[in-house]
Amino acid sequence: MAPLAFLQSNPIADLLNNTEWGFAVAECFHIVFFGAAIGTIMIVDLRLLGLAFPRKTSAKLLQDTWAYTLIALAVTVLAGMALFLSDPRMYYFSPWFRFKAIALLLAILYNYTIHSKVASSTPSPRVGVVAGVISVLLWISVVTGGLFTGLLA
Amino acid sequence: MTAVEQTPWVYPVIMATHLCCIALFGGMILMTDLRLLGLALRDQTIAEVVNGLRPFKRIGFVIMVTCGLLMAGSEAPTYYPNPYFWTKMTLLLLVGVHALVFKPIVYDHPEALDKCPAIPTRAKAAAMLSLILWVSIPIFGRLIGYYEPGEGKAPQTVTHR
């Protein structure tokens, strides 16, 4: 595939593949900031699930955490793109990477549409639980897809 | 341990659980620390954040450590000579020391911190050290996979994802 051949030789791949610590540093950024992103989303999810912060609304918690989530997600995605560029062909043909990419896309879309809308409103407990459970499951899918991409590469 | 070693899918599942816990609960540690530093969740009291997230962090910690022990136990000969593994273990030990030092003076009395006119230095010190420790632990955890016995340094990474 021409686009993959084009992507296969790029300066980021050179940096990640031909330096001793390039790939490891990118992975560490990816993992640490991913933890931060999901952790902040989980704070809102715990409220939606009725498990924590009973005296605060999910809207307030979302307002307090969104900036951290956004910054952490941005760093995670940028580091992830650098990792992808280290070997685009391998990732493109990996079924687990495809699973992760789709799960990530769905998780981000869900987070900034339905999840955000539900959390910003005053959801009924049932709606809150459903929104929280879907969020947790989507992010767990992303982590699992990422892990298996690495393990089975 | 035998099941972890001999069943092909058990190790990846344990590792996935380990990583999910880091992702789900590591962020809560981050938010607690940022609150103690006065950088996030400022509309919540310190007590609300510390007490509200405590049970989830404890559950996450127990699951993480259990999965970690199962993984390390199943491949003990591989882990034993790995310097990154021992660095991670040392950092976990330091987490224990951190808890022994700061639990009685910070985490057990968050309400007292809320009554202070400014966040006390001991609370900020606890948060900073916690951040340093908990950022370093997943980093060294990942680096475990980069070690090749005999070389004493990381190999060309492209072959070791």
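Which residues are buried in helix 6 of chain A? They are A:Phe97, A:Lys100, A:Ala103, A:Leu104, A:Ala107, A:Asn111, A:His115, A:Val118 and A:Ala119. Keep in mind as you explore that this is a predicted model.

**Helix 6 of chain A**

Let's stay with this helix for a moment. Its buried residues pack against helix 3, helix 4, helix 5 (88-93) and helix 7 of chain A. One of the buried residues, A:Asn111, also marks the centre of a kink of about 45 degrees in helix 6. You can check the length of the helix with a little arithmetic: it covers residues 95-120, which is 26 residues, and at 1.5 Å a residue it should span 38 Å. The C-alpha atoms at its ends are 35 Å apart, so the expected and modelled lengths agree.

**Chain B and its helices**

Now turn to chain B. Its secondary structure consists of seven helices and zero strands, so its pattern along the sequence reads α-α-α-α-α-α-α. The chain has 161 residues, and 30% of them are buried. Among the contacts in chain B with a separation of 6 or more, 71% link residues 24 or more positions apart.

Helix 5 of chain B has a bend of its own, of about 40 degrees at B:Val101. A proline, B:Pro104, follows within four residues of that bend. The buried residues of helix 5 are B:Lys88, B:Val106 and B:Tyr107, and their cover includes helix 3, helix 6 (110-115) and helix 7 (121-143) of chain B.

Here are the two bent helices side by side.

| Helix | Bend | Residue at the bend |
|---|---|---|
| Helix 6 of chain A | about 45 degrees | A:Asn111 |
| Helix 5 of chain B | about 40 degrees | B:Val101 |

Is B:Glu48 buried or exposed? This residue lies in helix 3 (residues 46-74) of chain B. B:Glu48 has 20 other C-beta atoms within 10 Å, and 20 or more count as buried, so B:Glu48 is buried. Its C-alpha atom is separated by 9.9 Å from that of B:Asp114, although the two residues are 66 residues apart along the chain.

**Where the chains meet**

How many residues does each chain bring to the contact? Chain A brings 35 residues and chain B brings 31. On the chain A side, helix 3 (22-48), helix 4 (58-86) and helix 7 (125-151) each supply at least two residues. Helix 3 of chain A gives the largest share, 16 residues. Sorted by class, this side of chain A has 21 nonpolar, eight polar and six charged residues.

The largest nonpolar core has 70 residues, and those with the most contacts inside it are A:Ala37, A:Ile38, B:Ala23 and B:Met31. Helix 3 of chain A gives the most to this core, with 16 residues. Look closely at B:Met31: leaving aside residues up to four places away in sequence, B:Met31 touches A:Gly39, A:Thr40 and A:Ile43 in chain A, and B:Ala40, B:Leu41 and B:Val49 in chain B.

**How confident is the predictor?**

For the complex, the predictor gives an ipTM of 0.73 and a pTM of 0.80. Chain B averages a pLDDT of 85, and 88% of its residues score at least 70. Within chain B, confidence is highest in helix 5 (residues 83-107), at a mean of 94, and lowest in helix 1 (residues 2-6), at 64. Over residues 153-161 of chain B, pLDDT stays under 50, and the model has 19 contacts beyond four places in sequence for them. Where pLDDT is low, the predicted coordinates should not be read in detail.

Technical notes: Residues are numbered from 1 along each chain as its sequence is written. Chains are lettered from A and ligands numbered from 1 in the order in which they are written. This is a predicted model: local features need pLDDT of at least 70, side-chain atom pairs count only at pLDDT 80 or more; totals for chains, interfaces and linings use all residues. Two residues are in contact if their C-beta atoms, placed from the backbone, lie within 7 Å. Ala, Val, Leu, Ile, Met, Phe, Trp, Tyr, Cys and Pro count as nonpolar, Asp, Glu, Lys and Arg as charged, and the others, Gly among them, as polar. A residue is buried if 20 or more other C-beta atoms lie within 10 Å of its own, exposed if 12 or fewer, and partly exposed in between; C-beta atoms are placed from the backbone. The expected span of a helix is 1.5 Å times one less than its number of residues. The bend at a residue is the angle between axes fitted to the seven residues ending there and the seven starting there. pLDDT is the predictor's confidence in each residue, from 0 to 100. A nonpolar core is a set of buried Ala, Val, Leu, Ile, Met, Phe, Trp, Tyr and Cys residues joined through C-beta atoms within 7 Å.
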